Protein chains: 2
Amino acid sequence: MKTTRRLNLLAVVLVGALALGTTVAQAADLLSSWNDGPAKQAIIEFVQATTTQGSPKFVPPAERIATFDQDGTLWVEHPMYSQVMYCLERVPAVVKAKPELKDVEPFKTVLSGKRQAMAKLSMKDLEKILVVTLTGMSVDAFNAEVKKWLETAKDPRWKMPYTELTYLPMQEVLKYLRENGYKTYIVTGGGQDFVRVYSEHVYGIPPEQVVGTAGGTKYGYGKDGKPFLTKEPKLLLNDNNAGKPEGIHLMIGRRPYAAFGNSTGDRQMLEYTKAGDGARLAMLVLHDDAKREYAYGPAQGLPDTKVGTFTQALYDQAKKQGWTVISMKNDWKRIFSFEP
Amino acid sequence: MKTTRRLNLLAVVLVGALALGTTVAQAADLLSSWNDGPAKQAIIEFVQATTTQGSPKFVPPAERIATFDQDGTLWVEHPMYSQVMYCLERVPAVVKAKPELKDVEPFKTVLSGKRQAMAKLSMKDLEKILVVTLTGMSVDAFNAEVKKWLETAKDPRWKMPYTELTYLPMQEVLKYLRENGYKTYIVTGGGQDFVRVYSEHVYGIPPEQVVGTAGGTKYGYGKDGKPFLTKEPKLLLNDNNAGKPEGIHLMIGRRPYAAFGNSTGDRQMLEYTKAGDGARLAMLVLHDDAKREYAYGPAQGLPDTKVGTFTQALYDQAKKQGWTVISMKNDWKRIFSFEP
């Protein structure tokens, strides 16, 4: 009898803990790479408001959805998106299999290895490179290639695998939200199939919770009669700008309660999130730390780059619509897990 | 100290129970609407093989995906898909808003209410009806309309809401799989947005785990400046036949370990599932119970109908590739929850 009472008591305590979510003290532990300030405070207040039973802004667990842009929001995007690096580095193997491409542009330039010439490639050139390196093979063959590449490829500045260059404070936010019943999604302009290869291992986000730019596949049969899917050069979802809320509707079917981005490509996702009822959190990572990472984007007079454009207009909209800007320099105690 | 030991013991027991999944005796309880026989046995053996720690066919929890066709597999599809009923019943309201359609076919025939004339409508006619009743409105307006309709619409034979006409044995399989760590998905030829309105309430399946035929949406702003999504007449995914494995790849990104269907439209999904390594379960519901439900499909000499075609070729493939055919007549003790 005594044991039963004790177990019942334990059950009550456990259920109570789940219902209440993490306390403010626990949040401080989970967000230990964040400096105290408005950004950290906005995250904690949002979680408290949406997960505390009886709160007027309480959100039932099933509806707790949080979406994260990847490049520049969860990991380094400068000087080039990792996926573009993958495509460029795949070109020699593709040309080996299709020698007729050897003397054709833009493949010729990529094969030359001349960085300055490569930097001048147009969007149209880049598209041609993406098509031959991301489509035409089976889904399984593609996944295996990406996996192999990730194990050896290294970022030119840190000389480390790209998957080590995720932002520790954002990893903490992912965990903190999940511990409070949120389903975390990546909503990326990058390739859905590419990100799905490592999302679980790197972010704890399963492939089915990755929404990205997606092409069609074609079902067919191999010589052994076994069915397989081939990646087709047919765009189904361009998961940038307005494509982000459209992709969220297609793949999730619910409006997020929290959304995180870092560029104009995330504007509509943040607007859409913030336009919902109750408590909604919209946050933008500002790359203003030239020393520990990079400083770029026209906001606050930082230099512009090809990637992750954080315009002054975006900054103004954030201030006007109650989005929170995260200053990497001021809000983050540590940027990477390998830092002391 | 004693309490700590007891709590540790409890933790061990809990973790052990989770790792082992449900026992055979518990499975019998959960599948109480199933008669003993090869179908019930195939389900239990599959779950035991994939969830028992140390089993050579053990599947890690994160990879446990099971997909279910809806119409004719989870609920009644005869004499007409519920969603088609919805579209036909929406026609008067659409014509009221767009009076110019009143004297135009196929709307004229639908407005006449003559069942025989309506039964003769071509696929092209039906498409026109689907376009005006499923697109052109905001996502929120559509969801509200479907919800309202489901509350009052009734099946002509049972005089009950369609949502009451789910198969109890299949509801049990959904729960049994979920209790064993499987993520259950609907993969339907029906409209993704339509099914998502009631999937959580009716099947315990959240909207983000519904894959269906999907159209595009368009992001825009209302007069109040608030963003919203409009349903567009642009097909992104025809989730039938080869579209099912293609849709599974797009929306889930993993091959299922178990798949359930009832017609030729599910053939590729079952093939794709069964072609994976390890233990894979592929099941087809055969509608052979004219008394308690319906008997149709050319398999075993049953009459053919417009819906859910279970051909002899499908039956032969099932036997050849080790799929299990579920006989509603022989395998199901009860069909609906409202039956005694």
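**Group meeting: helix contacts, chain symmetry and Asp69(A)**

In chain B, Arg267(B), Glu271(B) and Lys274(B) of H13(B) meet Leu314(B), Gln317(B) and Gln321(B) of H14(B), where contact means heavy atoms within 4.5 Å. This is a predicted model, in which local features need pLDDT of at least 70, side-chain atom pairs count only at pLDDT 80 or more, and totals for chains, interfaces and linings use all residues. Residues are numbered from 1 along each chain as its sequence is written, chains are lettered from A and ligands numbered from 1 in written order, and side-chain values use heavy atoms, without hydrogens and water.

Back to the helix pair. The residues of that contact divide into one nonpolar, two polar and three charged. H13(B) covers residues 267-274 and H14(B) residues 312-321; their axes are 12 Å apart, at an angle of about 5 degrees. That makes the two helices, H13(B) and H14(B), roughly parallel, a term for angles under 35 degrees.

Now the two chains. A turn of 180 degrees and a shift of 0.0 Å along the axis lay chain A on chain B with an RMSD of 0.0 Å. That is the relation of a two-fold axis. Of the interface residues of chain A, 100% are also interface residues in chain B, so the copies meet through the same surface.

Last, Asp69(A). Where is Asp69(A) found? In the loop between strand S1 (65-68) and helix H4 (82-97) of chain A. At 5% relative accessibility, Asp69(A) counts as buried, meaning under 20% relative accessible area with a 1.4 Å probe, protein chains only. Beyond its neighbours within four places in sequence, Asp69(A) has contacts including Lys244(A), Asn262(A) and Asp266(A).

Conventions:
Axes are lines fitted to C-alpha atoms, for helices over the stretch in contact, and angles run from 0 to 180 degrees between N-to-C directions. Helices (H or I, at least four residues) and strands (E, at least two) are DSSP runs, numbered from the N terminus. Angles under 35 degrees count as roughly parallel, over 145 as roughly antiparallel, 65 to 115 as roughly perpendicular and the rest as oblique. Ala, Val, Leu, Ile, Met, Phe, Trp, Tyr, Cys and Pro count as nonpolar, Asp, Glu, Lys and Arg as charged, and the others, Gly among them, as polar. Copies are superposed by least squares on the C-alpha atoms of residues with pLDDT of at least 70 in both. Buried means under 20% relative accessible area, exposed over 50%, partly exposed in between (1.4 Å probe, protein chains only).
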